[in-house]
There are 2 protein chains.
Amino acid sequence: MTAQQRGARLVDIAAAAGVHHSTVSRVLNGDPAQSVRPETYERIMRAARQVGYRPNALARALKRSRTGAIVFVIPMLRNPIWSIVQRGALQRAAERGYFVMMIEEPTEDPRPPAHYRYLIDEMRADGLLLATAERMPEHTRDELGVPHVYVNRRGPRPGHNVVMDEAGAVRMFLDHVAGLGHRHVALIDCSPIWDTVYRRTMAARRLSTARGITLTVRHTLTSEEGGWEATTKLLRGGNVPTACGVGNLNQVFGVLGALREAGVRVPEDMSVVSFDEDACLAYLDVPVTSIQMPLAELGAAAVDALIARIERTPATDVLIREPMTLVPRASVAAAPAVRSGH
Amino acid sequence: MTAQQRGARLVDIAAAAGVHHSTVSRVLNGDPAQSVRPETYERIMRAARQVGYRPNALARALKRSRTGAIVFVIPMLRNPIWSIVQRGALQRAAERGYFVMMIEEPTEDPRPPAHYRYLIDEMRADGLLLATAERMPEHTRDELGVPHVYVNRRGPRPGHNVVMDEAGAVRMFLDHVAGLGHRHVALIDCSPIWDTVYRRTMAARRLSTARGITLTVRHTLTSEEGGWEATTKLLRGGNVPTACGVGNLNQVFGVLGALREAGVRVPEDMSVVSFDEDACLAYLDVPVTSIQMPLAELGAAAVDALIARIERTPATDVLIREPMTLVPRASVAAAPAVRSGH
DNA sequence: CTGTTAGCGCTTTCAT
DNA sequence: ATGAAAGCGCTAACAG
């Protein structure tokens, strides 16, 4: 119906209302310092509504030196957890009057966080939500120089990090299987260059020791193939664990496949727990127990932290603990040794 | 290291090079109409490089009336296909000098395509890639009024649509199972409100009839639960099909779960084919055959089509046919009747 | 070959 | 209670 056309400008609706465009600006922005004659106010509002006026975000941002936009850089993974983190971030940002743009970083071509500075330098956004960074070497202590927050990862400096309680998740897992008599447990996870994996691994070591549990850790590819390969190797060794936690949903498929192929029954011979929750786990051959993490809360908290930085409010690291639950399904049972000991 | 600071402006580097900022602009933009003294050129380039000059995209866009950005609106689904479409789009956009922002539309709160006009009206982007629209009622023939292209869906008007060859995928599926003797086939898919589903369904009806195949279509929720429920109902009816195509990866899990629960063996009693390919399918209890669609090509073609519209080049609907392959796995076998007839 | 000028659409201080 | 004017950082005629 309507042809392709430039939207109405402030001056257009000023002309329609018979006032100066600065007056329109004040009225539309609800400037509290000024008062307007009610009838002028009405004329302006009517004119604006009639043409469906939308302020030019560019011009406004140029003038104000604030874009009102934030960029969320996420790794381009098949893993569905990010879509939940995004949901939380999107919703909170909308509540706080910000606009979120998603940038996906190709997994094959990861870039250092500093790469994304250009978005701020070019004034496309006010701040960066970084979910993509691999774990930083300790010596990379340079300031990024632009407002940013690491999401689900810790960057090189404190005060910029919003993460979940991975240690708590590991504890939930270990307590669950230890309570069922498992004394030898494996953790199959991605590379520890991912900060979440690093933290899970550290926690697993510490907590296993405290509980007198023997722990075997395998780092492998973030894929079905990775899970398969790690599991196959694990089974080839002597002294095979009786329970294993798996860091990533894609790996879970590989782990289950390898166990099946090797004739290791789940859960009779091996209990399996996923650190990613997904609905599909409930429908597998043997439904898989998982730990459900506070993903939406992570996204929302990250937005809050970033806005704090943009507005130069003092900020500290944030640890999201809740809600975190173990979703019990059929892939966990008592340890074989305990059983036969009955 | 560097403190948070405003980036250098054109005037700053003009000052550093001792020239007027318009000269800097010309040089940095490689204006071919003008010539510059090599030494001036060098001085300018050096100054710009030294401060890592980044043009303010806002100011530039405001002046040029072009932002160089496009928005990709995608449904917020767990389905990993979108990440491949995105990859194709991102790469092509980068090649063509555009910047892509992703907006995810909450599945619970779908909005009409016209909703996203505001992004163009506010001049946040030059065009819209719409992957989210449900199938439009025929009477919604309004022009959107801004450059846009529907991706993997057809909008109400021709010339704006980039889709894949769903009919070809259905034909591949039907030919595959018909060749193995299946005469009664089911299609379990999402709601036909989605244009891809609508086209698959239409094609399935037409092609089944042409081949003398009995077709049963079930539309259900886009989820594991949907697949489960549709399959359960399907099995309750008399005259159960011997092969089924499943529209969506999440549904596949539900379908397999329901078949297992009902004691229907795959592939002996029921052959299963997924219309979404994903690595996890290869690792399931019974590895699932799938049709691999040209997703990255879809994303790239959509970007090309949108840029054509932004630049007001004549454009037509695009149908992406290739590469499309059937990935054979273990979930398809000869029809039971044919077997026993051996 | 390079500088001057105007202006993209908006906000904001200062007048009136 | 409203208008005038300046300016955000950049590009693109047009001068010279």
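## Strand pairing in chain B

Two strands count as paired when DSSP finds at least two bridges between them. With that in hand, here's a tour of this predicted model, starting with a pair of strands in chain B.

Strand β1 of chain B, residues 69-75, runs parallel to β2(B), and 7 bridges link the two. Within this pairing, B:F72 sits opposite B:M102 of β2(B). To get from β1(B) to β2(B), the chain goes through helix α5 of chain B (residues 81-95), making a β-α-β crossover that is right-handed.

β2(B), residues 99-105, is well wrapped up. 7 of its 7 residues are buried, so the strand is largely enclosed by the rest of the structure. Its two faces are both covered: one carries B:F99, B:M101, B:I103 and B:E105, the other B:V100, B:M102 and B:E104, and all of these are buried. Note that the buried set includes two glutamates, B:E104 and B:E105, on opposite sides of the strand.

## How chains A and B meet

How many residues does each chain bring to the contact? Chain B puts in 48 and chain A puts in 47. On chain B's side, the elements giving two or more residues are α4 (57-64), α5, β2, α6 (117-121), α9 (224-236) and α10 (249-261). So β2(B) turns up here as well, and α10(B) makes the largest contribution to this side, at 6 residues. Sorted by class, the side of chain B that touches chain A comes out at 24 nonpolar, 12 polar and 12 charged residues.

What about symmetry? Chain B lands on chain A after a rotation of 180° with 0.0 Å of shift along the axis, at an RMSD of 0.1 Å. That's the relation of a two-fold axis. The interface tells a matching story: 98% of the interface residues of chain B are also interface residues in chain A, so the copies meet through the same surface.

## Around the DNA

DNA strand D has 25 residues around it, and the closest are A:H20, A:S35, B:L10, B:S22 and B:A59. Two or more residues apiece come from α2 (21-28) and α4 (57-64) of chain A, and likewise from α2 (21-28) and α4 of chain B. The top contributor is α4(B), with 5 residues. By class, the surface near strand D has 7 nonpolar, 11 polar and 7 charged residues.

DNA strand C has 26 residues around it, with A:R9, A:L10, A:S22, A:A59 and B:S35 coming nearest. Here too, α2 and α4 of chain A and α2 and α4 of chain B each supply at least two residues. For strand C, though, it's α4(A) that gives the most, with 5 residues. The split by class is 7 nonpolar, 11 polar and 8 charged.

## Backbone oddities

Most residues other than glycine have a negative phi, and most peptide bonds are trans. A few spots here go the other way, starting with two cis peptide bonds. In chain A, one joins A:E322 to A:P323, with omega at about -5°; A:P323 belongs to the loop between β11 (318-320) and β12 (325-327) of chain A. In chain B, a cis bond links B:V266 and B:P267, with omega at about 5°, and B:P267 is in the loop that connects α10 and β9 (271-274) of chain B.

Then there's positive phi. B:S65 isn't a glycine, yet its phi is about 60°. This serine lies in the loop between α4 and β1 of chain B and is exposed, with 10 other C-beta atoms within 10 Å. B:N239, also not a glycine, has a phi of about 50°. You'll find B:N239 in the loop between α9 and β8 (243-246) of chain B, and with 7 C-beta neighbours inside 10 Å it counts as exposed.

## A closer look at A:V163

A:V163 is part of strand β5 of chain A, residues 161-164. Is A:V163 buried or exposed? It has 20 C-beta neighbours inside 10 Å, and the cut-off for buried is 20 or more, so A:V163 counts as buried.

Which residues does A:V163 touch, once neighbours within four places in sequence are set aside? The contacts are A:N152, A:R153, A:R154 and A:L319. As for A:G257, which is 94 residues away along the chain, its C-alpha atom is 31 Å from that of A:V163.

Definitions and conventions:
Residues numbered from 1 in each chain as written. Chains lettered and ligands numbered in written order. Predicted model: local features only at pLDDT ≥ 70, side-chain atom pairs only at ≥ 80, totals over all residues. Buried ≥ 20, exposed ≤ 12 C-beta atoms within 10 Å, placed from the backbone. Helix = DSSP H or I, 4+ residues; strand = E, 2+ residues; numbered from the N terminus. Right-handed = clockwise from strand over helix to strand, strands pointing away. Contact = placed C-beta atoms within 7 Å. Nonpolar A, V, L, I, M, F, W, Y, C, P; charged D, E, K, R; others polar. Least-squares fit on C-alpha atoms with pLDDT ≥ 70 in both. Near = placed C-beta within 6 Å.
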